[in-house]
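Biologist: Could we go through this model together? I would like to begin with the charged pairs and then turn to how the chains meet.

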2 protein chains.
Amino acid sequence: VTEPARSLLGVSGVHVQRFPEFVDLRGSLTSGELPGDAVPFVPRRWFMVYDVPSREVRGEHAHRICHQFLICVSGQIMVAVDDGHHRGEVLLDTPTLGVYLPPMVWGSQFRYDQESVLLVLASHLYDPDDYIREYESFLIEAEASSSSA
Amino acid sequence: VTEPARSLLGVSGVHVQRFPEFVDLRGSLTSGELPGDAVPFVPRRWFMVYDVPSREVRGEHAHRICHQFLICVSGQIMVAVDDGHHRGEVLLDTPTLGVYLPPMVWGSQFRYDQESVLLVLASHLYDPDDYIREYESFLIEAEASSSSA
(Lines give C-alpha, C1' and ligand atoms only; values in the text may rest on other atoms or scores of the structure.)
Protein backbone atom coordinates (compact mmCIF):
# COMPACT_ATOMS: atom_id res chain seq x y z
CA VAL A 1 0.00 0.00 0.00
CA THR A 2 1.39 3.40 -0.96
CA GLU A 3 0.29 6.26 1.23
CA PRO A 4 -1.70 9.16 -0.13
CA ALA A 5 0.25 12.39 -0.52
CA ARG A 6 -0.41 15.84 -1.84
CA SER A 7 1.89 18.17 -3.69
CA LEU A 8 1.42 21.72 -4.90
CA LEU A 9 2.45 23.16 -8.23
CA GLY A 10 2.74 26.77 -7.10
CA VAL A 11 -0.38 27.62 -9.10
CA SER A 12 -3.25 29.21 -7.20
CA GLY A 13 -5.42 26.55 -5.53
CA VAL A 14 -4.15 23.65 -7.65
CA HIS A 15 -3.04 20.43 -5.97
CA VAL A 16 -1.81 17.06 -7.17
CA GLN A 17 -3.00 14.10 -5.14
CA ARG A 18 -1.51 10.62 -4.92
CA PHE A 19 -4.13 8.04 -3.90
CA PRO A 20 -3.44 4.86 -1.95
CA GLU A 21 -2.79 1.79 -4.08
CA PHE A 22 -3.50 -1.74 -2.94
CA VAL A 23 -1.56 -4.34 -4.91
CA ASP A 24 -1.92 -8.09 -4.49
CA LEU A 25 -1.91 -11.22 -6.62
CA ARG A 26 -5.38 -10.42 -7.94
CA GLY A 27 -4.34 -7.03 -9.31
CA SER A 28 -4.27 -3.41 -8.22
CA LEU A 29 -6.90 -1.13 -6.70
CA THR A 30 -6.93 2.60 -5.96
CA SER A 31 -9.71 4.66 -4.43
CA GLY A 32 -10.77 8.10 -3.27
CA GLU A 33 -13.65 9.71 -1.37
CA LEU A 34 -16.27 12.14 -2.73
CA PRO A 35 -16.04 14.83 -1.59
CA GLY A 36 -12.73 14.60 0.25
CA ASP A 37 -9.39 16.28 0.69
CA ALA A 38 -8.42 15.35 -2.85
CA VAL A 39 -11.71 16.24 -4.54
CA PRO A 40 -13.01 19.20 -2.50
CA PHE A 41 -16.41 19.43 -4.21
CA VAL A 42 -19.50 17.34 -4.85
CA PRO A 43 -19.24 16.00 -8.41
CA ARG A 44 -22.37 16.58 -10.49
CA ARG A 45 -20.92 15.24 -13.73
CA TRP A 46 -18.08 13.20 -15.16
CA PHE A 47 -16.66 13.12 -18.63
CA MET A 48 -13.94 11.15 -20.36
CA VAL A 49 -11.72 12.14 -23.28
CA TYR A 50 -10.10 9.37 -25.37
CA ASP A 51 -9.13 8.33 -28.91
CA VAL A 52 -7.26 11.62 -29.23
CA PRO A 53 -5.46 11.29 -32.58
CA SER A 54 -2.66 13.78 -32.04
CA ARG A 55 -0.24 14.75 -29.33
CA GLU A 56 -1.23 18.37 -29.68
CA VAL A 57 -2.78 20.54 -27.02
CA ARG A 58 -6.37 20.02 -25.85
CA GLY A 59 -8.39 21.81 -23.23
CA GLU A 60 -7.05 25.36 -23.26
CA HIS A 61 -9.77 27.05 -21.30
CA ALA A 62 -10.71 28.13 -17.80
CA HIS A 63 -14.00 27.84 -15.93
CA ARG A 64 -15.55 30.68 -14.00
CA ILE A 65 -17.39 28.57 -11.41
CA CYS A 66 -16.78 24.90 -12.22
CA HIS A 67 -14.25 22.90 -10.18
CA GLN A 68 -12.62 19.93 -11.88
CA PHE A 69 -10.56 16.93 -10.87
CA LEU A 70 -8.52 15.13 -13.55
CA ILE A 71 -7.32 11.53 -13.49
CA CYS A 72 -5.59 9.77 -16.38
CA VAL A 73 -7.07 6.27 -16.06
CA SER A 74 -5.12 4.73 -18.96
CA GLY A 75 -1.97 5.77 -20.82
CA GLN A 76 -0.48 9.12 -19.96
CA ILE A 77 -1.31 12.80 -20.34
CA MET A 78 0.57 16.00 -19.51
CA VAL A 79 -1.55 18.58 -17.74
CA ALA A 80 -0.57 22.25 -17.68
CA VAL A 81 -2.16 24.74 -15.28
CA ASP A 82 -1.81 28.51 -15.18
CA ASP A 83 -3.37 31.07 -12.83
CA GLY A 84 -2.25 34.08 -14.86
CA HIS A 85 0.90 34.54 -12.80
CA HIS A 86 2.36 31.06 -12.37
CA ARG A 87 2.37 28.01 -14.58
CA GLY A 88 2.93 24.38 -13.67
CA GLU A 89 2.88 20.99 -15.36
CA VAL A 90 2.30 17.48 -14.13
CA LEU A 91 2.52 14.14 -15.93
CA LEU A 92 -0.46 11.91 -15.16
CA ASP A 93 0.58 8.32 -15.89
CA THR A 94 -1.28 6.21 -13.32
CA PRO A 95 -4.86 5.95 -11.97
CA THR A 96 -3.40 6.72 -8.52
CA LEU A 97 -2.67 10.35 -9.41
CA GLY A 98 -5.06 13.26 -9.90
CA VAL A 99 -5.03 17.04 -10.26
CA TYR A 100 -7.52 19.48 -8.77
CA LEU A 101 -8.30 22.58 -10.84
CA PRO A 102 -10.31 25.25 -9.05
CA PRO A 103 -12.27 27.83 -11.04
CA MET A 104 -10.22 30.55 -12.76
CA VAL A 105 -7.27 28.31 -13.57
CA TRP A 106 -6.31 27.96 -17.23
CA GLY A 107 -5.91 24.28 -18.03
CA SER A 108 -4.61 22.36 -21.01
CA GLN A 109 -3.62 18.78 -21.72
CA PHE A 110 -1.15 17.39 -24.22
CA ARG A 111 0.90 14.33 -25.18
CA TYR A 112 -2.11 12.02 -25.31
CA ASP A 113 -1.18 8.64 -26.71
CA GLN A 114 -3.42 5.99 -28.24
CA GLU A 115 -4.24 4.40 -24.90
CA SER A 116 -4.79 7.64 -23.01
CA VAL A 117 -8.12 8.14 -21.28
CA LEU A 118 -8.72 11.27 -19.22
CA LEU A 119 -11.45 11.11 -16.56
CA VAL A 120 -12.75 14.46 -15.30
CA LEU A 121 -15.06 14.93 -12.31
CA ALA A 122 -16.83 18.30 -12.46
CA SER A 123 -18.74 20.26 -9.82
CA HIS A 124 -21.38 21.55 -12.24
CA LEU A 125 -23.45 20.36 -15.16
CA TYR A 126 -22.25 21.40 -18.60
CA ASP A 127 -22.69 25.12 -19.24
CA PRO A 128 -21.03 26.66 -22.31
CA ASP A 129 -21.26 30.11 -20.68
CA ASP A 130 -18.94 28.97 -17.89
CA TYR A 131 -16.00 28.60 -20.31
CA ILE A 132 -13.36 31.26 -20.88
CA ARG A 133 -11.84 30.18 -24.18
CA GLU A 134 -9.45 33.04 -24.93
CA TYR A 135 -6.30 33.36 -22.89
CA GLU A 136 -6.29 37.16 -23.06
CA SER A 137 -9.84 37.26 -21.71
CA PHE A 138 -8.81 34.85 -18.96
CA LEU A 139 -5.94 37.12 -17.91
CA ILE A 140 -8.26 40.12 -17.73
CA GLU A 141 -10.92 38.24 -15.71
CA ALA A 142 -8.31 36.68 -13.44
CA GLU A 143 -6.79 40.07 -12.72
CA ALA A 144 -10.23 41.57 -12.03
CA SER A 145 -11.23 38.74 -9.68
CA SER A 146 -7.94 38.82 -7.76
CA SER A 147 -8.06 42.59 -7.29
CA SER A 148 -11.67 42.43 -6.10
CA ALA A 149 -10.91 39.58 -3.67
CA VAL B 1 -23.32 11.86 -31.43
CA THR B 2 -24.82 8.56 -30.32
CA GLU B 3 -27.93 8.85 -28.19
CA PRO B 4 -28.05 7.56 -24.63
CA ALA B 5 -30.08 4.40 -24.16
CA ARG B 6 -30.88 2.05 -21.36
CA SER B 7 -31.32 -1.69 -21.42
CA LEU B 8 -32.30 -4.16 -18.74
CA LEU B 9 -30.76 -7.54 -18.06
CA GLY B 10 -33.80 -9.10 -16.35
CA VAL B 11 -31.97 -8.96 -13.02
CA SER B 12 -33.69 -7.10 -10.20
CA GLY B 13 -32.96 -3.38 -10.40
CA VAL B 14 -29.94 -3.70 -12.69
CA HIS B 15 -29.67 -1.53 -15.79
CA VAL B 16 -27.09 -1.00 -18.50
CA GLN B 17 -26.68 2.57 -19.71
CA ARG B 18 -25.22 3.81 -22.99
CA PHE B 19 -23.92 7.37 -22.65
CA PRO B 20 -23.78 9.93 -25.44
CA GLU B 21 -20.50 10.04 -27.34
CA PHE B 22 -19.21 13.13 -29.11
CA VAL B 23 -16.64 12.34 -31.77
CA ASP B 24 -14.73 14.90 -33.79
CA LEU B 25 -11.25 15.42 -35.23
CA ARG B 26 -9.85 16.18 -31.78
CA GLY B 27 -10.98 12.85 -30.31
CA SER B 28 -13.93 11.40 -28.45
CA LEU B 29 -15.79 12.51 -25.35
CA THR B 30 -18.51 10.85 -23.27
CA SER B 31 -20.24 12.18 -20.17
CA GLY B 32 -22.86 11.52 -17.52
CA GLU B 33 -24.59 13.38 -14.69
CA LEU B 34 -24.30 12.67 -10.95
CA PRO B 35 -26.79 11.70 -9.78
CA GLY B 36 -28.89 11.03 -12.84
CA ASP B 37 -30.99 8.40 -14.57
CA ALA B 38 -27.91 6.28 -15.19
CA VAL B 39 -26.32 6.67 -11.75
CA PRO B 40 -29.31 6.94 -9.38
CA PHE B 41 -27.29 7.74 -6.25
CA VAL B 42 -24.85 10.34 -4.94
CA PRO B 43 -21.36 8.86 -5.24
CA ARG B 44 -19.33 9.09 -2.03
CA ARG B 45 -16.36 7.12 -3.34
CA TRP B 46 -14.73 5.81 -6.48
CA PHE B 47 -12.31 2.99 -6.96
CA MET B 48 -10.47 1.53 -9.92
CA VAL B 49 -9.26 -2.03 -10.52
CA TYR B 50 -6.42 -2.62 -13.01
CA ASP B 51 -3.29 -4.68 -13.69
CA VAL B 52 -5.37 -7.80 -13.15
CA PRO B 53 -2.99 -10.63 -14.10
CA SER B 54 -5.52 -13.33 -14.92
CA ARG B 55 -8.76 -13.67 -16.80
CA GLU B 56 -10.35 -15.38 -13.81
CA VAL B 57 -13.29 -14.13 -11.84
CA ARG B 58 -13.04 -11.10 -9.55
CA GLY B 59 -15.66 -9.41 -7.43
CA GLU B 60 -18.00 -12.20 -6.37
CA HIS B 61 -19.85 -10.46 -3.62
CA ALA B 62 -23.00 -8.47 -2.93
CA HIS B 63 -23.50 -5.31 -0.89
CA ARG B 64 -26.29 -4.90 1.64
CA ILE B 65 -26.67 -1.12 1.32
CA CYS B 66 -24.07 0.15 -1.17
CA HIS B 67 -25.12 1.03 -4.72
CA GLN B 68 -22.47 0.78 -7.42
CA PHE B 69 -22.02 1.89 -11.00
CA LEU B 70 -19.39 0.17 -13.15
CA ILE B 71 -17.64 1.56 -16.23
CA CYS B 72 -14.78 -0.13 -18.06
CA VAL B 73 -12.67 2.89 -19.02
CA SER B 74 -9.97 0.93 -20.89
CA GLY B 75 -9.86 -2.56 -22.39
CA GLN B 76 -12.82 -4.82 -21.73
CA ILE B 77 -14.43 -6.65 -18.85
CA MET B 78 -17.36 -9.07 -18.59
CA VAL B 79 -19.74 -8.26 -15.75
CA ALA B 80 -22.12 -10.87 -14.36
CA VAL B 81 -25.06 -9.96 -12.11
CA ASP B 82 -27.39 -12.24 -10.19
CA ASP B 83 -30.34 -11.42 -7.91
CA GLY B 84 -30.74 -14.98 -6.61
CA HIS B 85 -33.35 -15.82 -9.22
CA HIS B 86 -32.04 -14.43 -12.49
CA ARG B 87 -28.56 -14.02 -13.88
CA GLY B 88 -27.31 -11.73 -16.64
CA GLU B 89 -24.04 -10.77 -18.27
CA VAL B 90 -22.84 -7.72 -20.13
CA LEU B 91 -19.58 -7.00 -21.93
CA LEU B 92 -18.19 -3.57 -21.04
CA ASP B 93 -15.80 -2.57 -23.83
CA THR B 94 -16.16 1.21 -24.12
CA PRO B 95 -16.21 4.21 -21.75
CA THR B 96 -19.70 4.96 -23.11
CA LEU B 97 -21.28 1.96 -21.37
CA GLY B 98 -21.98 1.39 -17.68
CA VAL B 99 -23.88 -0.99 -15.39
CA TYR B 100 -25.86 -0.05 -12.29
CA LEU B 101 -25.85 -2.59 -9.46
CA PRO B 102 -28.30 -1.90 -6.64
CA PRO B 103 -27.75 -3.42 -3.20
CA MET B 104 -28.44 -7.16 -2.86
CA VAL B 105 -27.24 -8.06 -6.33
CA TRP B 106 -24.40 -10.55 -6.58
CA GLY B 107 -21.75 -9.17 -8.92
CA SER B 108 -18.62 -10.57 -10.49
CA GLN B 109 -16.24 -9.53 -13.24
CA PHE B 110 -14.08 -11.63 -15.51
CA ARG B 111 -12.03 -11.62 -18.73
CA TYR B 112 -9.90 -8.68 -17.70
CA ASP B 113 -7.07 -8.12 -20.15
CA GLN B 114 -3.81 -6.23 -19.65
CA GLU B 115 -5.33 -2.88 -20.63
CA SER B 116 -8.55 -3.30 -18.64
CA VAL B 117 -9.39 -0.64 -16.07
CA LEU B 118 -12.67 -0.86 -14.16
CA LEU B 119 -14.02 2.35 -12.64
CA VAL B 120 -16.62 1.94 -9.89
CA LEU B 121 -18.69 4.76 -8.39
CA ALA B 122 -20.07 3.78 -4.97
CA SER B 123 -22.82 5.32 -2.84
CA HIS B 124 -21.03 4.67 0.46
CA LEU B 125 -17.57 4.79 1.93
CA TYR B 126 -15.75 1.50 2.29
CA ASP B 127 -17.29 -0.75 4.95
CA PRO B 128 -16.16 -4.38 5.16
CA ASP B 129 -19.37 -5.25 7.06
CA ASP B 130 -21.45 -4.29 4.03
CA TYR B 131 -20.05 -7.18 1.97
CA ILE B 132 -21.75 -10.54 1.59
CA ARG B 133 -18.88 -12.74 0.41
CA GLU B 134 -20.52 -16.18 0.37
CA TYR B 135 -23.04 -16.96 -2.30
CA GLU B 136 -25.10 -19.25 -0.03
CA SER B 137 -25.38 -16.46 2.56
CA PHE B 138 -26.39 -14.07 -0.22
CA LEU B 139 -29.20 -16.39 -1.33
CA ILE B 140 -30.52 -16.65 2.23
CA GLU B 141 -30.39 -12.87 2.81
CA ALA B 142 -31.88 -12.14 -0.63
CA GLU B 143 -34.76 -14.53 0.07
CA ALA B 144 -35.34 -12.99 3.51
CA SER B 145 -35.33 -9.42 2.17
CA SER B 146 -37.66 -10.23 -0.75
CA SER B 147 -40.17 -12.04 1.48
CA SER B 148 -40.16 -9.17 3.99
CA ALA B 149 -40.60 -6.56 1.24
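Biologist: Which residue forms a salt bridge with A:Arg26?

Modeller: The partner is A:Asp24, and the closest N and O atoms of the pair are 3.1 Å apart. Please keep in mind that this is a predicted model, and such values are computed from it.

Biologist: Is A:Arg26 buried or exposed, and what about A:Asp24?

Modeller: A:Arg26 counts as exposed, because its relative accessibility is 52% and the cut-off for exposed is over 50%. A:Asp24 has a relative accessible area of 38%, so A:Asp24 is partly exposed.

Biologist: How many salt bridges does the structure hold over all chains?

Modeller: There are six over all chains. Another of them joins A:Arg87 to A:Glu89, with the closest N and O atoms 3.0 Å apart. There, A:Arg87 is exposed at 52% relative accessibility, while A:Glu89 is partly exposed at 38%.

Biologist: What about the salt bridge of A:Arg64? Which side chain does A:Arg64 meet?

Modeller: A:Arg64 meets A:Glu141, with 2.7 Å from N to O. This pair links distant parts of the chain, since the two residues are 77 residues apart. A:Arg64 lies in the loop between β6 and β7 of chain A, whereas A:Glu141 belongs to helix α1, residues 135-148.

Biologist: How accessible are A:Arg64 and A:Glu141?

Modeller: Both count as partly exposed: A:Arg64 has 33% relative accessibility, and A:Glu141 has 26%.

Biologist: Now a change of topic. Where is A:His15, and is A:His15 buried or exposed?

Modeller: A:His15 is in strand β2 of chain A, which covers residues 15-18. With a relative accessible area of 5%, A:His15 is buried, because the cut-off for that is under 20%.

Biologist: What does the side chain of A:His15 make a polar contact with?

Modeller: The side chain of A:Arg6 is joined to that of A:His15 by a polar contact of 3.5 Å. Beyond four places in sequence, A:His15 is also in contact with residues including A:Asp37, A:Phe69 and A:Tyr100.

Biologist: Over to chain B. Where is B:Ile132, and which residues does B:Ile132 touch?

Modeller: B:Ile132 is in strand β13, residues 131-132 of chain B. Its relative accessible area is 1%, so B:Ile132 is buried. Leaving out residues up to four places away in sequence, B:Ile132 touches several others, among them B:His61, B:Met104, B:Trp106 and B:Phe138.

Biologist: On to the pair of chains. What superposes chain B on chain A?

Modeller: A rotation of 180° does, with 0.0 Å of shift along its axis and an RMSD of 0.0 Å. The two copies are therefore related as by a two-fold rotation axis. In chain B, the C-alpha nearest that axis belongs to B:Ser74, 3.2 Å from it. The same surface serves both copies, as 100% of the contact residues of chain B recur in chain A.

Biologist: How many residues are in contact, and how much area do the chains bury between them?

Modeller: In this interface, 35 residues of chain B contact 35 residues of chain A. The chains bury about 3100 Å² between them, with 61% of it on carbon and sulfur atoms. On the chain B side, B:Leu34, B:Trp46 and B:Tyr50 lose the most area to chain A, together 25% of what that side buries.

Biologist: How many salt bridges and polar contacts cross the interface?

Modeller: Zero salt bridges are found across the interface, but 13 residue pairs are in polar contact there. The elements of chain B that give two or more residues to this side are β4, β5, β7 and β12. Strand β4(B) gives the most, with seven residues. By kind, the residues of this side divide into 21 nonpolar, seven polar and seven charged.

Biologist: Lastly, what is unusual in the backbone?

Modeller: Most residues other than glycine have a negative phi, and most peptide bonds are trans. The bond from B:Leu34 to B:Pro35 is cis, with omega near -15°, and B:Pro35 is in the loop between β4 and β5 of chain B. In chain A, the bond from A:Leu34 to A:Pro35 is cis as well, with omega near -15°.

Biologist: Where does A:Glu60 lie, and what is its phi?

Modeller: A:Glu60 is in strand β6 of chain A, and its phi is near 55°, a positive value in a residue other than glycine.

Key. Residues are numbered from 1 along each chain as its sequence is written. Chains are lettered from A and ligands numbered from 1 in the order in which they are written. This is a predicted model: local features need pLDDT of at least 70, side-chain atom pairs count only at pLDDT 80 or more; totals for chains, interfaces and linings use all residues. Side-chain values use heavy atoms; hydrogens and water are left out. Copies are superposed by least squares on the C-alpha atoms of residues with pLDDT of at least 70 in both. Contact means heavy atoms within 4.5 Å. Helices (H or I, at least four residues) and strands (E, at least two) are DSSP runs, numbered from the N terminus. Buried means under 20% relative accessible area, exposed over 50%, partly exposed in between (1.4 Å probe, protein chains only). A polar contact is a pair of N or O atoms within 3.5 Å; within protein, one must be able to donate a hydrogen and the other to accept it, and residues adjacent in sequence count only if both atoms are side-chain atoms. Buried area is the accessible area (1.4 Å probe) that two parts lose on being put together, summed over both. A salt bridge is a side-chain nitrogen of Lys or Arg within 4 Å of a carboxyl oxygen of Asp or Glu. Ala, Val, Leu, Ile, Met, Phe, Trp, Tyr, Cys and Pro count as nonpolar, Asp, Glu, Lys and Arg as charged, and the others, Gly among them, as polar.
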